[in-house]
Amino acid sequence: MQAKKRYLTLFSAGACLILLFCLGRLQFSLSRRGPGRPDDRRLPGYHPGSDDLTEYISPRQKRDANSGLYMGKRCRMESCFDFSLCERNGLKVYVYPQQKGEKLSESYQNILSSIEGSRFYTSDPGQACLFVLSLDTLDRDQLSPQYVHNLKAKIQSLPLWNGGKNHIIFNLYSGTWPDYTEDLGFDIGLAMLAKASISTENFRPNFDVSIPLFSKEHPRTGGERGYLKHNTIRPYRKYMLVFKGKRYLTGIGSDTRNALYHIHNSEDVVLLTTCKHGKDWQKHKDARCDKDNAEYDKYDYREMLYNSTFCLVPRGRRLGSFRFLEALQAACVPVMLSNGWELPFSEIIDWNRAAVIGDERLLLQVPSTVRSIHQDKILSLRQQTQFLWEAYFNSVEKIVLTTLEIIEDRVLLHTSRSNLMWNSLPGGLFTLPQYSTFLGDFPFYYAKLGIKPSPKFTAIIHVVTPLVSQSQPVMKLLIAVAKSQYCAQVIVLWNCEKPLPAKHRWPATSVPVTVIEGESKVISSRFLPYNTIPTDAVLSLDEDTVLSTTEVDFAFTVWQSFPDRIVGYPARSHFWDSNKERWGYTSKWTNDYSMVLTGAFPLLLLPLTLSHFPLRYYHYLYTTYLPASLKTMVDQMSNCEDILMNFLVSSVTKLPPIKVTQKKQYKETMMGQVRHIFLLILSRASRWADPDHFAQRQTCMNKFANWFGTMPLIHSQMRLDPVLFKDQVSILRKKYRDIERL
């Protein structure tokens, strides 16, 4: 009985509490919605004109609401990016016109120029999928002379801003003394950030892009190659671990650099810091400053980089550091000590293959950690630093293009590049997914995938003269090529102004012969990626090329061992003319060469059968990657297309072409005499008879080098001869014995 009373009492009390709670909620709701409350404005977090915001708002919520950095903190591509703008034209980027009176830093101008010179650029905002400000946002440190004032109002007034949607903002520096926050000082809205020194906490995955901190001296295009020139190197250098930089005595970033002296031993671990920076550094110097400064001045920084295996990259005032790119270029494995830094291009780069990721709190363990790394691993790390430096970081253009390519992979997710494409030669910038999403379609991955190139080739014969006789060189060439056991088909590219000849005019062959009328009759059309090409290899020939079937077979056999390079017979070279301070072009027969050409002299007397085997993918790159300005120049001159193709392939592979031998062997003196006579009798219609032909090729070399930003051609002394070519054995044992005959 007592138990029943207790349960009844508890039930009644519970029911009363529930009733009171419901009445209280109803009264609170009515009081919030009721008009004319005199103390509304006294409530914490009250916003005028708001119906439902009178609850208490924490300081963090206020910061998130007011700070541009946190406005879109939850942004991802699927939530803050309008993909519909990209449906028609793909990723096209519009750069706002520069506003009158607005100055741009050199670094930001380089960024905008890189975008405007890329395949992504459009001058029509109606065609754009991504927008870039013409207002300089790189330096948002209020103490900097590059700081742009009133940026918030200027951006908000832009008619296409739309709250920042589909915009990307580039930034190198944010915040100022003493805390150096990552706030840019204006409302970025729904815009993406391409930001240096961004923390993992503030980085929005699949939306922002972490870029490296680079100096104003960083080249816009081209860029220097890495220090590691050969793979046959000593695994260990003079120093094991080095660093040279500022030491901050107080404030953010001072902890790690102040502690470096604990592991510095002046032998194989050389970590140098100086207090000598800033106008009033002497006012704040400590007891170690004078000794540190003296030690600091004893060492040359470049010499240290070149002679060290590992380079320490501690954080500075901000998470990023110039030391990062310097270490990559020097093939000095970066040892990262910057907790919380989202490493550059972390979305696509596997940094464990190129760097050692350390912990600032475990500084004393760093020497023993790097000493424990095996020499094979060290060589692998150093090789990867060189690949990454040259593929993505050695110029502002590479940094900008990598940023845009990452965004394109997000937009066109079904054709995005794989991790292997981004992290192995030649890198994502040269592996265009529009061509294919299958790794086996790219020559660079054959070895990794265990794939062999197709056992056949397609011959493309470039024809510019009318077909008037069955004894013309083009007929003999067509028959000789078609007889090759490796020939799948022959394509005749008809770039002649006369109408196409009747089908019966062409000789009967055992392989298909397709005649295609060239687009606009321009010389670049020989490198178009025609859909009728089913093979990996393409034998590119001029109509007056003199080539035997045996020579074709041998060249193709060589190409199968080097499927990512140009393979051919005639070689040319480049050199630096110090007197004229420009690149020169030479056809002299020397031990060195850097190009294999694609045209031909028609006489047997001249050993200049200019033909080569490139890969079909290079035809695609030639058409889509190279700017229209270079191809237009080539077409207007009807010259230099072969040089441009050599530039392109060498820039991709970082390797020279392959020269194979040919049957016609003549000394240079005889060659010069015959050339002189030959040029006198050549038809004026031939481009080789043009006296300006050689001068044009000199001009082309320098125009191309200027666009690439560097000279990509590489010299080689390797020439591949047929097996047993020079051996004194029976002629019947020689596989390519016809090449020896004159």
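**Exercise 1. Is Phe438 buried, partly exposed or exposed in this predicted model, and what does its side chain help to form?**

Start with the accessibility: Phe438 has a relative value of 49%. Buried means under 20% and exposed means over 50%, with partly exposed in between. Phe438 therefore counts as partly exposed. Next, find its place in the chain: Phe438 sits in the loop between helix 15 (419-423) and helix 16 (446-449). Finally, look at its partners: together with Leu449 and Ile451, Phe438 makes a nonpolar surface patch of about 250 Å².

**Exercise 2. Which residue does a cis peptide bond join to Pro426, and where does Pro426 lie?**

Go to the bond first: the partner is Leu425, and omega is near 0°. Then place the proline: Pro426 is in the loop between helix 15 and helix 16.

Now try the same with Pro178: which residue is on the other side of its cis bond? That's Trp177, with omega at about 5°. Pro178 belongs to the loop between strand 5 (173-174) and strand 6 (192-195).

**Exercise 3. Take Ala331 and Lys654: what is phi at each, and how buried or exposed is each residue?**

Check the backbone first. Ala331 isn't a glycine, yet its phi is positive, about 55°. Lys654, also a residue other than glycine, has a positive phi near 60°.

Then locate them. Ala331 lies in the loop between helix 11 (323-329) and strand 11 (333-337), while Lys654 is in the loop between helix 21 (641-653) and strand 22 (658-660).

Last, accessibility. Ala331 comes out at 0%, so it counts as buried. Lys654 has 27%, so it is partly exposed.

Notes. Residues are numbered from 1 along each chain as its sequence is written. This is a predicted model: local features need pLDDT of at least 70, side-chain atom pairs count only at pLDDT 80 or more; totals for chains, interfaces and linings use all residues. Side-chain values use heavy atoms; hydrogens and water are left out. Patches are made of residues with over 30% relative accessible area and no salt bridge: like charges are joined within 9 Å, nonpolar side chains (Val, Leu, Ile, Met, Phe, Trp, Tyr) within 5 Å. Accessible areas come from the Shrake-Rupley method with a 1.4 Å probe; for residues, only the protein chains shown count as cover. A salt bridge is a side-chain nitrogen of Lys or Arg within 4 Å of a carboxyl oxygen of Asp or Glu. Helices (H or I, at least four residues) and strands (E, at least two) are DSSP runs, numbered from the N terminus. Buried means under 20% relative accessible area, exposed over 50%, partly exposed in between (1.4 Å probe, protein chains only).
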